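The following paragraphs go through one protein model, moving from its contacts and overall dimensions to its interior. Please keep the sequence and the coordinates in view while reading.

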Amino acid sequence: IIMNKKIDWAKAATNGLFLSIIPIAADYIHQIFQIEGTLGLLINLLKVAGCTAVLHYFIKKNFIENNSELTYGSSFKYGMAVSLFSTVVCTLATVLLYQVIIPGYFEEMVTQLLISYEQMGVEGLVDYDMLMSTMPMTITIGQIFNCLLWGLILSSILANTAKIKKDNPFQ
């Protein structure tokens, strides 16, 4: 991957840090207070709307400050750079949440899973120790994939709405 010298990586990292505040706050509120149902859905919708608005703001602000020509390619690249740094921060916050703040979460989740398997009559299908040992890595990889996918989708959509001149983002 060739890094574009036009991207201010320090600014993208700072913006990624600020962008990550929204999903981290929403996830912490959602998990610590065990919010479910309509209120949980509302929190998730606010998280997506907030991230979309903040990322759009950062894309526009970056090019206004630099007096750059706002194109699809440059907007997409900067949006992905911000999303990349936000992904790192969000993943670290997720690991902190499940390993330090609520450390028994995985055990409780796996226990509930095994109880539901027993009720279906398929006990012994899953090895508890193996599942427990892989759960932190599974959650971490899932979080990275989730954040990068959302970053890709939002950057693509927002770059399309922010463009002034058409160009290829992969050049």
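Among the contacts in the protein with a separation of 6 or more, 79% are accounted for by residues 24 or more positions apart, where contact means heavy atoms within 4.5 Å. This is a predicted model, in which local features need pLDDT of at least 70 and side-chain atom pairs count only at pLDDT 80 or more, whereas totals for chains, interfaces and linings use all residues. Residues are numbered from 1 along each chain as its sequence is written, and side-chain values use heavy atoms, with hydrogens and water left out.

The protein has five helices and zero strands, these elements being DSSP runs numbered from the N terminus (H or I over at least four residues for a helix, E over at least two for a strand). The radius of gyration, taken over C-alpha atoms, is 20 Å, well over the 16 Å that the globule rule gives for 171 residues, so the protein is more spread out than a compact globule; the rule itself is 2.2 Å times the number of residues to the power 0.38. Along the principal axes, the C-alpha atoms fill a box of roughly 60 × 35 × 30 Å.

Of the 171 residues, 34% are buried, a term that stands for under 20% relative accessible area, with exposed meaning over 50% and partly exposed lying in between (1.4 Å probe, protein chains only). The protein exposes about 10500 Å², of which carbon and sulfur atoms supply 68%, the areas coming from the Shrake-Rupley method with a 1.4 Å probe.

What, then, does the largest nonpolar core consist of? A core here is a set of buried Ala, Val, Leu, Ile, Met, Phe, Trp, Tyr and Cys residues joined through side-chain atoms within 4.5 Å. The largest one has 15 residues, of which Ala12, Leu19, Leu55, Ile59, Tyr78, Val82 and Leu158 touch the most other members. Helices α1 (9-32), α2 (37-65), α3 (72-101) and α5 (128-162) each supply at least two residues of this core, and α2 gives the most, with five. Apart from this core lies another, of 13 residues, among them Cys90, Val110, Met132 and Cys147.

Two residues show the packing in more detail. Leu158 touches Thr52, Leu55, His56 and Ile59, when residues up to four places away in sequence are not counted. Asn15, which lies in helix α1, counts as buried at 7% relative accessibility, and, with the same sequence neighbours left out, Asn15 touches Phe58, Tyr78 and Val82.
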